[in-house]
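Biologist: I would like to learn how to read a model like this one, feature by feature. Could we take the sequence and the structure together?
Modeller: Gladly, here they are.

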Amino acid sequence: MDFHPTEEQAAAAGLAARIFGDLATHDRLAAAGTGSDAELWKALTAAGLTGAVEDVGLLGLVLLLEEQGRTTAQVPYAATCVYGVLALTRHGSAEQRARLLPALGSGDAVATGAFPRRGRITASPDGRLTGTAPAVPWLREATHVLVPDAAGALWLVRTDAPGVDTASVETTAPWSAASLTLSGAEAERIGGDGAYADVLAVARTAFAGLQAGVCAGSLARAVEYTSTREQFGRPLSTNQGVMLRAADAYMDTEAIRITAYEAAWRIDEGLAAGHHALTAAWWASEAGKRVVHAGQHLHGGMGADLDHPVHRHFLWGRQLDAYLGCGSELLAELGALLADDAAGAAHDGSDHTPADALADAPEGDGA
C-alpha cells in the first residue's frame with residue numbers, strides 16, 4: 001500500500017489548510033456558537049473542496065478532514081462529503097448523481113446522516129419513512145438527510161418535506177444537531193443491499209480522519225503552551241512527566257492517522273475494509289479520548305477555562321469518541337466479525353484464520 005498523497009490530493013489538502021487556518025480563528029469560532037460559519041462554508045465550496053471529493057477519494061477526504069479537525073472549523077464539511085457526495089458517488093443512480101451532486105458541490109445543498117442505524121425508523125412499501133433519530137449532527141443546517149431504516153436500506157430525505165420534523169439538540173460538540181422525527185415522509189432509495197454497511201465504513205474512516213486532526217490540533221496547542229509557560233524558572237516542557245504525556249499523545253494521534261489512512265486506501269482500491277474501518281474507528285474512540293484529555297491536562301489551570309481554544313478540541317474529541325460507536329461497542333463488533341470469518345474458514349475446510357492473514361501480511365501492511 002502507498003499512503004503518499006497524489007499531487008491532486010496534496011494540492012487539495014494544502015488549499016484546505018490555508019482556508020481553515022485563515023478563517024477558522026478562535027474569535028470566529030466563538031462567534032459561530034453552535035451554528036455553521038457561513039463565510040467559511042462559502043469559501044470551501046467556492047474553492048471546489050466539496051466537489052473535489054469525487055476525484056480525490058476517501059483517502060483525499062481523510063487528508064482534508066485532518067485539516068478541518070486541527071482548527072475545529074465550524075462547518076458541515078465531513079457530513080456533506082460522507083453522507084452526500086461519497087454516498088451518492090458510490091451508490092446513487094446516474095440520475096441521482098446528475099441531479100444532486102452539483103448542488104452539494106456548490107454548497108447550495110448540505111447533507112447529513114442519521115447514522116448509525118438504531119432500528120427506530122421503518123419504511124413502508126411505497127417508500128415512506130416513519131420513526132425517530134434522537135440526535136443527527138448538522139441537521140439544523142442540512143437540506144438532505146441520509147436515513148437507514150430498520151432493515152438496513154438507505155433513503156434520502158429532504159428536510160423540508162412534509163412529514164419531517166426537527167428539534168434542536170445540544171451535544172458535546174456544537175454541531176447544529178437536531179432530533180429527526182419522520183411521519184410518513186417521502187424518501188428516495190439510495191443503493192441496494194450492502195449500501196448501508198459501505199457508507200458506515202466510509203463514515204467511520206472519514207470521522208477517524210477528523211479525529212486525527214482534532215488530536216493533532218490539541219497536541220500542537222499543548223506543545224506550544226508547555227514550551228512557553230515557565231515554572232520554577234524553566235519551561236514546563238522540560239519536565240519528564242510532561243514530555244512523556246505528550247509523547248504518548250503523539251503516538252496515539254499517529255495510530256489514529258495511520259489506521260484511518262489504511263482503511264481509506266483499501267476502500268478506494270475496492271478491497272475488503274470492514275475490519276480496517278472498525279480498527280480505525282476504535283483507535284479514534286479510545287486513543288482520541290486519551291489525547292484530548294492529555295491536551296487539557298497539559299494546559300494545567302488554563303485547560304479548565306471553557307473559553308480557551310483547547311477546550312473546543314476536548315469537546316470535539318469526546319463527541320467523536322462515541323459518534324459512530326464507542327470503543328467497547330466497536331471492539332465487540334470487530335470481535336464478532338473476526339469470529340464469523342473464522343467460522344466461515346472452518347466451514348470451507350480452510351485452516352487459514354484471520355490471525356494468519358495478519359501474520360502473512362507484508363511488513364508495513366497494517367497497524
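Biologist: Let me start with one side chain: is E66 buried or exposed?
Modeller: A good place to begin, with the reminder that this is a predicted model. Buried means under 20% relative accessible area. E66 has a relative accessible area of 2%, so E66 is buried.

Biologist: With which residue does E66 form a salt bridge?
Modeller: The general idea is that side chains of opposite charge can pair when their charged atoms come close. Here the partner of E66 is R70, and the closest N and O atoms are 3.8 Å apart. Both residues belong to helix α4, with their positions 4 residues apart, about one turn of the helix. R70 is partly exposed, at 32% relative accessibility.

Biologist: Which residues are joined with E66 and R70 into one network?
Modeller: Salt bridges with shared partners link E66, E67, R70, E254 and R257 into one network.

Biologist: How many salt bridges does the count come to?
Modeller: The count comes to 18 salt bridges. Let me show you two others. The side chains of D198 and R90 meet at 2.7 Å, N to O. D198 sits in helix α7 (residues 195–228) and R90 in helix α5 (residues 77–91), so this pair ties together parts that are 108 residues apart in sequence. D198 counts as buried at 19% relative accessibility, whereas R90 is partly exposed at 36%.

Biologist: And what is the N to O distance between D160 and R158?
Modeller: Their side chains meet in a salt bridge at 3.0 Å. D160 counts as exposed, with 54% relative accessibility, and R158 is partly exposed, with 42%.

Biologist: Now to charges on the surface. Which residues gather in a patch of negative charge?
Modeller: A patch is built from residues with over 30% relative accessible area and no salt bridge, like charges being joined within 9 Å. In this structure E7, E8, E54 and D55 form such a negative patch on the surface. Helices α1 (7–23) and α4 (53–71) each supply at least two of its residues. Take E7 as an example: E7 is found in helix α1 and is exposed, with a relative accessible area of 74%.

Biologist: Let us turn to the backbone. Where is there a cis peptide bond?
Modeller: As a general guide, most residues other than glycine have a negative phi, and most peptide bonds are trans. Here a cis peptide bond joins F115 and P116, with omega at about -10 degrees. You can find P116 in the loop between β1 (111–113) and β2 (121–123).

Biologist: What is phi of W138, and where is this residue found?
Modeller: Phi of W138 is near 65 degrees, a positive value in a residue other than glycine. W138 is in the loop between β3 (128–136) and β4 (144–148), and its 5% relative accessibility makes it count as buried.

Biologist: What about phi of S176?
Modeller: Phi of S176 is also positive, near 50 degrees, and this residue too is other than glycine. S176 lies in the loop between β6 (164–168) and β7 (178–186). With a relative accessible area of 1%, S176 is buried.

Biologist: How far apart are E188 and L154 in sequence and in space?
Modeller: These two residues are 34 residues apart in sequence and 8.5 Å apart in space, C-alpha to C-alpha. E188 is part of strand β8 (residues 188–190) and counts as partly exposed at 22% relative accessibility.

Biologist: Let us step back to the whole chain. How many helices and strands does the protein chain have?
Modeller: The protein chain has 12 helices and 10 strands. Its C-alpha trace spans about 75 × 55 × 40 Å along the principal axes.

Biologist: What radius of gyration would a compact globule with 367 residues have?
Modeller: The expected value is near 21 Å; the protein chain has 21 Å, so it agrees with a compact globule.

Biologist: And what share of the 367 residues is buried?
Modeller: Buried residues make up 50% of the chain. E66, where we began, is buried, and so are W138 and S176.

Note on methods:
Residues are numbered from 1 along each chain as its sequence is written. This is a predicted model: local features need pLDDT of at least 70, side-chain atom pairs count only at pLDDT 80 or more; totals for chains, interfaces and linings use all residues. Side-chain values use heavy atoms; hydrogens and water are left out. Patches are made of residues with over 30% relative accessible area and no salt bridge: like charges are joined within 9 Å, nonpolar side chains (Val, Leu, Ile, Met, Phe, Trp, Tyr) within 5 Å. Accessible areas come from the Shrake-Rupley method with a 1.4 Å probe; for residues, only the protein chains shown count as cover. A salt bridge is a side-chain nitrogen of Lys or Arg within 4 Å of a carboxyl oxygen of Asp or Glu. Lys and Arg count as positive and Asp and Glu as negative; His and the chain ends are not counted. The place of a charge is taken as NZ of Lys, CZ of Arg, CG of Asp or CD of Glu. Buried means under 20% relative accessible area, exposed over 50%, partly exposed in between (1.4 Å probe, protein chains only). The radius of gyration is taken over C-alpha atoms; the globule rule is 2.2 Å times the number of residues to the power 0.38.
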